[in-house]
Amino acid sequence: MAVVETRKLTKRFSDEVVAVNEIDLRCVDGEFLVLLGPSGCGKTTLLRMIGGLEQPTSGEILIADRVVNNLPPRARQIAMVFQSYALYPHMSVYENIAFPLKAAKLDKAAQREKIAWAASILGIDELLKRKPRQLSGGQRQRVALARALVREPNVFLLDEPLSNLDAQRRASARDELQVFQKDIGTTTIYVTHDQVEAMGMGDRIAVIDSGHIRQLGTPHEIYEEPADTFVATFVGSPPMNLVPEGDELVGFRPEAFYPITADTPSDTSSVLRVNVINAREEYLGSEKLIYAEVNGIRVVSRLPANVDAGIAEGSSATFGVLRSNLRHFNAETGLRVQPGRVPVLSGAANA
Ligand code: ATP
């Protein structure tokens with residue numbers, strides 16, 4: 001196991017394309033760290049540099065306190081699993097898992113023992129004689145992990161390993177992978193563009209945009225205390241509502257935004273009241289979303305499906321949000337700020 005660190009790590013592909021821009025990152029021993037960001041933000045390039053598949057333009061990579069910039073991939077004691085799994089199609093599952101052990105010239109008996117150990121951890125004992133084409137996507141992923149595991153790496157680098165699975169398999173594979181990682185305790189860096197995956201799996205998440213880390217924190221910190229409007233809107237579905245007011249953007253999560261009816265106690269000191277127009281309800285089975293407009297900006301409220309908000313299509317309504325649930329951002333830079341003044345939004349409701 002090992003700490004992985006990058007210092008001012010940069011990858012410049014051309015004058016215009018700086019895929020990774022002076023990234024400082026420290027993944028602690030045994031941690032499951034997720035690199036999250038939109039397509040093209042630089043997360044795969046960052047992972048490939050850590051793995052030794054891409055040469056940095058500048059900066060340092062340290063694994064277990066040793067600078068590894070000049071070490072080839074196999075000398076870094078890391079194991080990588082990619083989206084494609086890269087299994088050898090003509091080899092059986094057993095031979096696929098044995099491949100790195102053969103390369104390391106381990107004797108046959110020791111190979112057998114290690115393969116049995118990894119196969120039992122990943123629950124693929126029954127599949128060892130099959131060829132990759134005879135496996136489901138989830139089983140292939142487990143074989144790829146087993147092949148990585150037998151090398152007993154210090155670090156796992158995983159690049160969207162679940163993206164080939166359908167939504168249902170994905171949820172259980174996510175759970176399995178997380179249990180597996182906690183069991184073996186190997187430091188893991190996991191790349192995804194899927195914020196649900198990141199939130200559910202990461203001990204911490206690095207949110208990346210245009211080659212920069214926008215925020216590094218626990219899922220709770222990222223969700224509740226976003227550092228800027230990029231993080232606030234990239235994480236969470238639907239994203240945080242942002243309503244401009246003066247030189248600020250006032251933000252609140254859809255689930256913190258609820259309809260005020262005649263019997264809701266009106267405590268204007270702790271609740272900001274907001275008048276909305278053009279409300280429209282969307283029923284989603286487990287929940288409902290109410291879309292509406294404040295000062296020309298679309299906002300959304302998320303409610304349990306069984307709540308009758310009594311909102312007619314296209315109507316006006318009054319919503320509330322606890323002041324403690326408001327977040328404030330600089331309208332120009334998007335950075336989180338302390339509130340400059342008490343927000344009023346659609347002021348008429350704040351008598
Ligand atoms: P995705 O989720 O789509 O895989 P990503 O966040 O992993 O995206 P990268 O693959 O790291 O993004 O790419 C970051 C930027 O670097 C992109 O603008 C990409 O076009 C560019 N890039 C990546 N590899 C190369 C390369 N070999 N040559 C030139 N530009 C590259």
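Which side chain does glutamate 248 join through a polar contact of 3.1 Å? I opened my notebook with that one, and the partner is the side chain of histidine 328. I should jot down straight away that I am working with a predicted model.

**Entry 1: glutamate 248**

I placed glutamate 248 in strand β12, which covers residues 248-252. I then checked its accessibility: glutamate 248 comes out at 6%, and the cut-off for buried is under 20%, so this residue counts as buried. Its side chain has the 3.1 Å contact with histidine 328 noted above.

**Entry 2: aspartate 194**

Next I went to another acidic residue. I found aspartate 194 in the loop between β8 (187-192) and α6 (195-201). Is aspartate 194 buried or exposed? I have it as buried, because its relative accessible area is 19% and the limit is under 20%. I followed its side chain to the backbone nitrogen of valine 196, at 2.8 Å. Setting aside residues up to four places away in sequence, I noted that aspartate 194 touches Leu36 and Arg170.

**Entry 3: the ligand shell**

I listed the residues around the ligand: Phe13, Val17, Ala19, Pro38, Ser39, Gly40, Cys41, Gly42, Lys43, Thr44, Thr45 and Glu160. Sorted by character, I get five nonpolar, five polar and two charged. Which helix gives the largest share of this shell? I found that helix α1 (residues 43-51) does, with three residues.

Then I looked at individual atom pairs. I see a polar side-chain atom of serine 39 at 2.6 Å from a ligand oxygen. For threonine 44, an N or O atom of the side chain is also placed 2.6 Å from an oxygen of the ligand. With glycine 42 it is a polar backbone atom, and the distance to a ligand oxygen is 3.0 Å. I also looked up the area: the ligand taken alone exposes 640 Å², and the protein buries 56% of that.

**Entry 4: helix α1**

I stayed with α1 a little longer. Seven of its nine residues are buried, so I describe this helix as largely enclosed by the rest of the structure. My list of the buried ones reads Lys43, Thr45, Leu46, Leu47, Met49, Ile50 and Gly51. Following α1 is glycine 52, with a positive phi near 90 degrees.

**Entry 5: helix α2**

I did the same for α2 (residues 93-103), where I marked Val93, Asn96, Ile97, Ala98, Pro100 and Leu101 as buried. What do the buried residues of α2 pack against? I traced them to α3 (108-122) and α4. Just after α2, I noticed that lysine 105 has a positive phi of about 60 degrees.

**Entry 6: the nonpolar cores**

A reminder to myself: in soluble globular proteins, nonpolar side chains tend to be buried together. Here I found a largest nonpolar core of 44 residues, and those with the most contacts inside it are Leu36, Ile97, Ile124, Leu177 and Tyr190. Helix α4 (residues 137-149) gives the most to this core, with six residues.

I picked leucine 177 for a closer look. Leaving out its neighbours within four places in sequence, I count among its contacts Gln141, Leu145, Leu158 and Pro161, and also Leu162, Tyr190 and Met201. Finally, I noted a second, separate core of 25 residues, which includes Leu9, Ala19, Leu33 and Ile50. Two of these names were already in my pages: Ala19 is in the ligand shell, and Ile50 is a buried residue of α1.

Methods. Residues numbered from 1 in each chain as written. Predicted model: local features only at pLDDT ≥ 70, side-chain atom pairs only at ≥ 80, totals over all residues. Heavy atoms only, no water. Core = buried A, V, L, I, M, F, W, Y, C linked by side-chain atoms within 4.5 Å. Buried < 20%, exposed > 50% of the residue type's maximum accessible area, 1.4 Å probe, protein only. Helix = DSSP H or I, 4+ residues; strand = E, 2+ residues; numbered from the N terminus. Contact = heavy atoms within 4.5 Å. Near = heavy atom within 4 Å. Polar contact = N/O pair within 3.5 Å; in protein donor to acceptor, adjacent residues only side chain to side chain. Areas by Shrake-Rupley, 256 points an atom, 1.4 Å probe, with all protein chains shown as cover. Nonpolar A, V, L, I, M, F, W, Y, C, P; charged D, E, K, R; others polar.
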